[in-house]
Amino acid sequence: TLLFFFCLMTPLGIGFGTYLSSSLEGAGAAGLVCFAAGSLLCVAVYDMLMPSLILGKGHWKRRSFLASLFGFCAMSLLAVWS
């Protein structure tokens with residue numbers, strides 16, 4: 001039952017976010033987008049990037065850091081460009 005609950009969270013979250021973004025305007029919609037982006041960034045850094053930097057060996061730590069830095073810069077440029 002718990003797995004079923006977690007499986008329903010993504011479609012419910014998408015529906016809820018779509019409803020809120022269509023009903024909110026201006027600062028409310030921007031806040032919703034910022035919250036979603038921040039939660040994705042938090043998951044990316046703490047659950048994906050940090051283990052690779054902590055548990056990595058030698059040159060793989062450096063490669064992981066440089067790849068993540070390149071990815072963050074590329075996404076920032078894409079955001080500025082769009």
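These notebook entries record what I looked up about one pocket and one helix pair in a predicted model.

**Entry 1: the largest pocket**

I began with the volume of the largest pocket, which is about 170 Å³. I then asked which residues line the largest pocket. The lining consists of Gly17, Ser21, Leu32, Val33, Phe35, Ala36, Ser39 and Leu40. Two elements, α1 (2-23) and α2 (27-55), each give two or more residues to this lining. I noted that α2 gives the most, with six residues.

Next I sorted the lining by class. I recorded five nonpolar residues and three polar residues, and no charged residues.

**Entry 2: how α2 lies against α3**

I turned to α2 again, this time with helix α3, which covers residues 59-81. At what angle do α2 and α3 pack? The angle is about 155°, and the axes are 8 Å apart. Angles over 145 degrees count as roughly antiparallel. I therefore entered α2 and α3 as roughly antiparallel to each other. For the handedness, I wrote down that α2 passes α3 in a right-handed crossing.

**Entry 3: the residues in contact**

I listed which residues meet between the two helices. From α2 I noted Leu41, Val45, Leu49, Ser52, Leu53 and Ile54. On the side of α3, they meet Lys61, Ser64, Phe65, Ser68 and Phe72. By class, I recorded seven nonpolar, three polar and one charged residues in the contact of α2 with α3.

**Entry 4: summary for α2**

I closed with the two roles I had looked up for α2. This helix gives six residues to the lining of the largest pocket, and α2 also packs with α3.

Note on methods
Residues numbered from 1 in each chain as written. Predicted model: local features only at pLDDT ≥ 70, side-chain atom pairs only at ≥ 80, totals over all residues. Heavy atoms only, no water. 1 Å grid on protein atoms, 1.4 Å probe; cavity = no way out; pocket = protein on both sides within 12 Å on 5 of 7 lines; lining within 4 Å. Points joined across faces, edges and corners; volume = space filled by probe spheres on them. Helix = DSSP H or I, 4+ residues; strand = E, 2+ residues; numbered from the N terminus. Nonpolar A, V, L, I, M, F, W, Y, C, P; charged D, E, K, R; others polar. Axes fitted to C-alpha atoms, helices over the stretch in contact; angles between N-to-C directions. Parallel < 35°, antiparallel > 145°, perpendicular 65-115°, else oblique. Left-handed = near helix turned anticlockwise from the far one by under 90°. Contact = heavy atoms within 4.5 Å.
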